[in-house]
Amino acid sequence: MDSWVRFNSQSQAKERVFRAAQYACTLLGYTLQKGGSGVELLKMVKQLETHISLTRKLMRLGNSAEAVEAAKRAVHLSDSVLRLCLTVAHLNKAMYFACDNVLWAGKAGLLPKLDQDKWSQRSFRYYLFALILNLTRDAYEIRLLMEREARSSHGGSNATWTSSPPSPSPENGDLSHPHPSSSSFPVAILPLLSERFGRQFHLLGTVLRSNPPLLLDLLKNACDVFIPLDRLGIYPTGQGFVGACGLASSILSILTIVHPWLKLKP
């Protein structure tokens with residue numbers, strides 16, 4: 001009960017719940033349309049989705065200031081890559097929220113002559129760039145952790161490798177193993193590449209399993225990126241896929257609010 005009270009007291013948590021409801025309506029509308037449901041039911045679901053979207057925009061008023069403050073904090077990070085990715089990502093989020101606020105004013109009738117399509121496209125462009133930077137940050141942290149894991153797992157194998165005798169070579173007089181012909185070289189290297197990729201995938205799985213916050217952030221950003229890609233027409237995926245991705249990322253965001261230790265820091 002204490003967790004629910006703490007969750008319900010946060011405006012961001014409520015916005016995440018509304019976001020999950022909005023994309024659930026998107027997915028439901030797509031499912032009903034494919035199932036041949038009645039026009040009235042589809043219209044009701046669409047209206048509910050529109051009202052929830054407008055409520056979310058109202059709840060995000062002032063979020064630009066929070067994004068700017070987050071960018072100010074990110075400027076002081078010691079890691080240059082994290083500093084660049086997080087600072088620019090937060091600044092793009094600030095612009096996204098600012099465009100979203102203007103769009104809310106247009107939908108609410110405060111700016112009746114506003115070109116809503118233009119401002120919607122503009123906000124999604126900022127949103128997409130912020131997500132790309134967040135995914136870049138995730139990939140960078142994964143690379144650092146994989147390198148650290150590789151060093152720790154192979155730290156004790158160097159002595160064994162250096163103590164083994166060198167393999168015979170034609171220069172030392174051993175001609176029993178001639179060089180492979182050029183035609184067999186690609187065949188011989190395929191097992192080596194397969195083994196290398198297998199080790200990398202195993203290392204990636206180990207890193208993600210041992211770092212749940214990084215895994216959740218990667219999944220959330222990967223789901224979210226399809227939304228602006230579809231809205232901007234860069235990679236159209238359809239309402240059903242967008243609804244499923246939005247619902248999944250919203251649930252993951254709610255998990256990070258309910259359990260703060262799952263939120264990736266900084």
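User: Where is proline 266 found, and which residue does a cis peptide bond join it to?
Analyst: In this predicted model, proline 266 sits in the segment after helix H11 (239–258). Most peptide bonds are trans. Here, though, omega is about 5 degrees, and the cis bond joins proline 266 to lysine 265.

User: What does UniProt place at residues 241–262, and how much of that span is helix?
Analyst: The UniProt record, an unreviewed entry, puts the feature "transmembrane region" there. In the model, the end C-alpha atoms of residues 241–262 are 26 Å apart. Strand makes up 0% of the span, and helix makes up 82%.

User: How many helices and strands does the chain have?
Analyst: Going from the N terminus, the elements read α-α-α-α-α-α-α-α-α-α-α. That pattern goes with a count of zero strands and 11 helices.

User: What pLDDT does the chain average, and where is it below 50?
Analyst: The average is 86, and 84% of the residues score at least 70. One stretch falls below 50, and it has four contacts in the model beyond near neighbours in sequence. Where pLDDT is low, the predicted coordinates should not be read in detail. The stretch to treat that way is residues 158–177.

User: Is threonine 26 buried or exposed, and which residues does it touch?
Analyst: Threonine 26 lies in helix H2. Its relative accessibility is 2%, and buried means under 20%, so threonine 26 counts as buried. Leaving out residues up to four places away in sequence, it touches Glu49, Gln239 and Gly243.

User: What span should H2 have, and how far apart are its end C-alpha atoms?
Analyst: H2 has 24 residues, and at 1.5 Å a residue it should span 34 Å. The model agrees with that, as the end C-alpha atoms of H2 are 35 Å apart.

User: Which glycine follows H2, and what is its phi?
Analyst: Most residues other than glycine have a negative phi. The residue here is a glycine, and its phi is positive. It is glycine 36, with phi near 75 degrees.

User: Why do the buried residues of H3 lie on the same side of the helix?
Analyst: The buried ones are Leu42, Val45, Glu49, Ile52, Ser53, Arg56 and Lys57. They sit on the same side of H3 because the arc they cover around the axis is only 140 degrees.

User: Which residues are exposed on the other side of H3, and what covers the buried ones?
Analyst: The exposed residues on that other side are Val39, Glu40, Met44, Thr50 and His51. As for the buried residues of H3, their cover includes helix H2 (11–34) and helix H5 (80–107).

User: Is lysine 57 buried or exposed, and what does it touch?
Analyst: Lysine 57 is found in helix H3. With a relative accessible area of 8%, it is buried, because the cut-off is under 20%. Not counting residues up to four places away in sequence, lysine 57 touches Asp100, Asn101, Leu103, Trp104 and Lys107.

User: What share of the chain counts as buried, and how much area does the chain expose?
Analyst: The chain has 266 residues, and 34% of them count as buried. Carbon and sulfur atoms supply 64% of the exposed area, which comes to about 16500 Å².

Definitions and conventions
Residues are numbered from 1 along each chain as its sequence is written. This is a predicted model: local features need pLDDT of at least 70, side-chain atom pairs count only at pLDDT 80 or more; totals for chains, interfaces and linings use all residues. Side-chain values use heavy atoms; hydrogens and water are left out. pLDDT is the predictor's confidence in each residue, from 0 to 100. Contact means heavy atoms within 4.5 Å. Buried means under 20% relative accessible area, exposed over 50%, partly exposed in between (1.4 Å probe, protein chains only). Helices (H or I, at least four residues) and strands (E, at least two) are DSSP runs, numbered from the N terminus. The arc is that of the directions from the helix axis to the C-beta atoms. Accessible areas come from the Shrake-Rupley method with a 1.4 Å probe; for residues, only the protein chains shown count as cover. UniProt positions are given in the numbering used here, feature names are shortened, and annotations may be inferred rather than shown by experiment. The expected span of a helix is 1.5 Å times one less than its number of residues.
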